[in-house]
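Visitor: Please take a close look at one helix pair in this model, and at what surrounds that pair.

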Amino acid sequence: MQLTDNQYSQQLQQWLAQSTKTHFTNGQQQWPVREWVKSLAKANLSVAGWPAPYGDGELRKQLHLHYRIARNAPGSLGLCITSHLDIGARCLMEKASPQLAEQWLAPALRGDAILALAMTEPQAGSDLQGIEFSAEKKEQGWSLTGVKRGITNLPFADAVIVLARTAPNRSPFSYTLFLLPMNTPGVEREVALPTLAYPGCLGGMQVKNALIPEQNVLGAPGTGLILLMQHMATERLFVSARMRGISEMLLEKIQQHSALATDQLAKLKTQSLAFNAFFEQCVENYIRQSFPARESASLKYLGSQLLKTLCATLSEQEGAAGYLADGNAELYQREAMGLALAGGSEEIMLAIIGSEL
Amino acid sequence: MKTTTHSLLSSELSNSIAAAFTHTTNLHSPVNTPPAPHELIRLLGETRLVAALIDPGSHESLLLHQVHLANWLAGFGVSAATDLALHQLCTVYPLLKHLSAGSANARALATQLLHAEKLAARIIQPWGHATNPSARQTGKHWIIQGELPLCLVGVDTEYLLIPLTTPDSSALAIFCLPLGTTGLKILARAPVSASGDYFIARISLENVQLTEAQHLGSVDSDFMQQRGNTQLTLAAIAQNHTSETVLTTSIEFLRKRLANNAPLLKLDVLQQRLAALRAKLSMAQALAFSALDAQEAHNFTQLAHASYENSRQLLQTISGECLHLGGINHYRNDSELADAYQEARWNNFFSAYTPAAVLAD
């Protein structure tokens with residue numbers, strides 16, 4: 001991944017080596033999300049690529065962070081950190097009022113508060129305009145009611161950015177984004193979902209008449225879906241950085257295996273080089289603020305395809321061991337299946353690209 | 001931000017260069033007849049685009065001239081003719097120019113090439129192949145012995161430029177070998193165009209005797225590799241351009257074609273197939289541009305081969321899929337999609353040019 005700041009890269013490598021050694025030498029099962037966010041913040045590594053005053057505005061630095069963690073740390077932890085920092089907190093940084101940002105962003109960046117972004121519901125994942133989670137305007141603020149499920153970080157998050165319906169029809173202006181503290185009366189956290197990968201990381205909540213203040217609205221009321229669609233391009237870019245990190249690590253594992261035919265390896269290498277080139281082009285376009293939905297969807301779709309191909313190759317290479325539930329190949333395979341859904345499934349990505357043909 | 005080919009493509013400079021190439025297309029008549037390589041070079045020469053390619057003035061201008069040249073050639077179809085034209089401009093001319101200082105013959109051939117008077121056939125070099133011909137000097141002559149397993153020959157190509165290793169040097173000695181030379185035999189030939197104007201040949205060289213004047217000089221292998229890499233990269237860009245044309249044609253066809261009063265393009269199953277191809281094409285374009293940007297970088301060879309292989313395979317996939325989606329309307333010899341499908345197939349000859357080991361490294 002292109003990065004001109006070698007010092008940042010070296011510091012991050014050192015930090016990762018130390019943190020991985022500390023947390024994973026004894027087969028730890030709980031993901032130290034909060035500890036890692038705190039530690040990253042102390043080392044000035046968590047938002048070094050954010051715009052001022054948080055960082056120096058070099059987006060590639062931020063992408064490098066998630067790419068490196070994806071290469072080095074167990075999948076669940078990396079996904080949680082990406083969801084917290086550059087999906088949740090970034091959304092707050094870009095869209096929250098100064099008062100709300102002051103209240104929640106500083107603790108989030110210190111690791112004192114973990115964030116999640118909640119869109120999916122039991123009956124509405126692919127069809128965001130079909131969500132039932134609703135918000136009603138009250139004198140004291142907004143009253144929220146509904147269910148969200150399948151949300152990264154929700155089993156342990158302190159606050160969640162939530163998409164809610166604020167008008168009954170399917171107009172794009174019928175939805176609003178809110179920041180919902182999880183300790184708000186009326187919010188009940190569900191137990192973590194028993195997902196194939198990311199144990200303990202994906203969860204849900206049931207919300208009934210949870211009252212939050214007016215200042216917890218992100219952006220203008222009625223613009224939530226549109227803001228979220230813009231934010232989805234960011235989410236897909238960061239998820240793709242993770243995919244790139246895992247893909248490169250898998251390709252290195254595959255290359256070490258002598259049994260693979262040269263032409264098969266050449267094909268995988270070509271696919272990897274092609275994805276990397278497209279990723280760099282997408283980053284360039286994102287920085288230029290010319291990153292359409294079609295392109296972010298293409299990136300996510302292609303990253304997912306590459307990752308699945310590499311996982312399948314690794315499984316085949318490892319023979320029977322490649323299919324053992326706790327084997328590396330199977331774990332990566334399951335993670336690839338999960339990442340294929342993050343930010344929208346492959347079919348949604350193709351529908352986005354197809355709609356612009 | 002670093003200047004990349006991708007970012008340059010939206011510049012005014014890019015627009016003006018593209019317009020110059022488009023103007024050149026309009027000079028060609030009749031439009032529907034694919035021109036021969038010498039005709040393509042003559043067209044470029046008339047509008048000074050060859051001169052601009054050779055001496056572009058700036059790095060940005062060079063990149064843009066290269067991209068628009070590749071796209072311009074692809075506008076005539078990915079064919080043996082356009083491949084040979086690309087070969088003259090990317091590999092043969094730079095090589096002759098490099099040798100011009102020490103060889104009057106090289107100088108003359110370079111001038112003739114720019115005037116589209118005398119063109120070289122293309123040796124599709126199997127890297128590290130054991131049957132490369134050898135050369136030895138006997139008195140005032142050179143004796144060449146061996147076989148060239150894969151050459152692209154056209155009606156308007158007159159000679160081969162053969163890079164050989166000699167017993168005395170690690171550099172590559174370059175010889176000019178007219179196709180009518182005694183001892184040069186075409187052992188097998190396979191046509192690669194419907195007209196029969198171009199064919200792939202296996203050529204043997206049996207005690208071919210050449211004069212010192214035909215020994216144009218020597219170059220190191222890095223020089224040759226660099227030229228070959230540029231040619232591969234531009235060929236990838238040209239193939240992507242053809243893929244784009246084919247995909248657009250197919251989409252337009254499916255937009256107009258109705259089923260139950262709705263365009264076929266609205267069918268999810270078709271739209272998703274096309275969307276997947278569109279995404280893969282965007283990626284192939286990015287890879288080819290990244291290879292072009294890496295012309296001075298250490299990994300140019302790998303990126304050039306990767307981009308060529310990726311684009312070659314994608315063109316085959318896209319042309320095949322789009323021919324299928326074109327239904328019986330396009331399953332006929334006079335269809336644009338059928339032409340693209342058939343032309344994409346002959347590109348397979350050049351897969352030998354990309355050894356898997358280069359990519360697997």
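Guide: What follows starts at the helix pair and works outwards.

The model is predicted, so local features need pLDDT of at least 70 and side-chain atom pairs count only at pLDDT 80 or more, while totals for chains, interfaces and linings use all residues. Residues are numbered from 1 along each chain as its sequence is written, and chains are lettered from A and ligands numbered from 1 in the order in which they are written.

The pair is helix H7 (residues 262-287) and helix H8 (residues 293-317) of chain A. Helices here are DSSP runs (H or I, at least four residues), numbered from the N terminus. The axes of H7(A) and H8(A) lie 10 Å apart, at an angle of about 155°. This makes H7(A) roughly antiparallel to H8(A) (angles over 145 degrees count as such; angles run from 0 to 180 degrees between N-to-C directions, and axes are lines fitted to C-alpha atoms over the stretch in contact). H7(A) passes H8(A) in a left-handed crossing (the near helix is turned anticlockwise from the far one by less than a right angle).

On the H7(A) side, the contact is made by A:Leu268, A:Gln271, A:Ser272, A:Phe275, A:Phe278, A:Phe279, A:Cys282 and A:Asn285. H8(A) brings A:Glu295, A:Leu299, A:Leu302, A:Gly303, A:Leu306, A:Thr309, A:Leu310 and A:Thr313. Contact means C-beta atoms, placed from the backbone, within 7 Å. By class, this contact has 9 nonpolar, 6 polar and 1 charged residues (Ala, Val, Leu, Ile, Met, Phe, Trp, Tyr, Cys and Pro are nonpolar, Asp, Glu, Lys and Arg charged, the others, Gly among them, polar).

The loop between H7 and H8 of chain A holds A:Gln289. A:Gln289 has a positive phi of about 60° although it is not a glycine. Most residues other than glycine have a negative phi. A:Gln289 counts as exposed, with 6 C-beta neighbours inside 10 Å (12 or fewer is exposed).

A second positive phi, about 55°, is found at A:Asn44, in the loop between H2 and H3 of chain A. A:Asn44 is also exposed, with 12 other C-beta atoms within 10 Å. A:Pro53 is placed in the loop between helix H2 (33-42) and helix H3 (59-72) of chain A, and the peptide bond from A:Ala52 to A:Pro53 is cis, with omega near 10°.

The helix pair also takes part in the contact between the chains, to which chain A gives 22 residues and chain B 27 residues. H7, H8 and helix H10 (346-355) of chain A each supply at least two residues of the side of chain A that touches chain B. H7(A) gives the most to that side, with 15 residues. By class, the side of chain A that touches chain B has 13 nonpolar, 5 polar and 4 charged residues.

Chain A is divided into domain 1 (6-110), domain 2 (115-222) and domain 3 (229-355) (bounds from an automatic or database domain assignment). The centres of domain 2 and domain 3 of chain A, taken over C-alpha atoms, are separated by 29 Å. Their contact takes 5 residues from domain 2 and 7 residues from domain 3. The side of domain 2 of chain A that touches domain 3 has 3 nonpolar, 2 polar and no charged residues.

Terms used: Angles under 35 degrees count as roughly parallel, over 145 as roughly antiparallel, 65 to 115 as roughly perpendicular and the rest as oblique. Two residues are in contact if their C-beta atoms, placed from the backbone, lie within 7 Å. A residue is buried if 20 or more other C-beta atoms lie within 10 Å of its own, exposed if 12 or fewer, and partly exposed in between; C-beta atoms are placed from the backbone.
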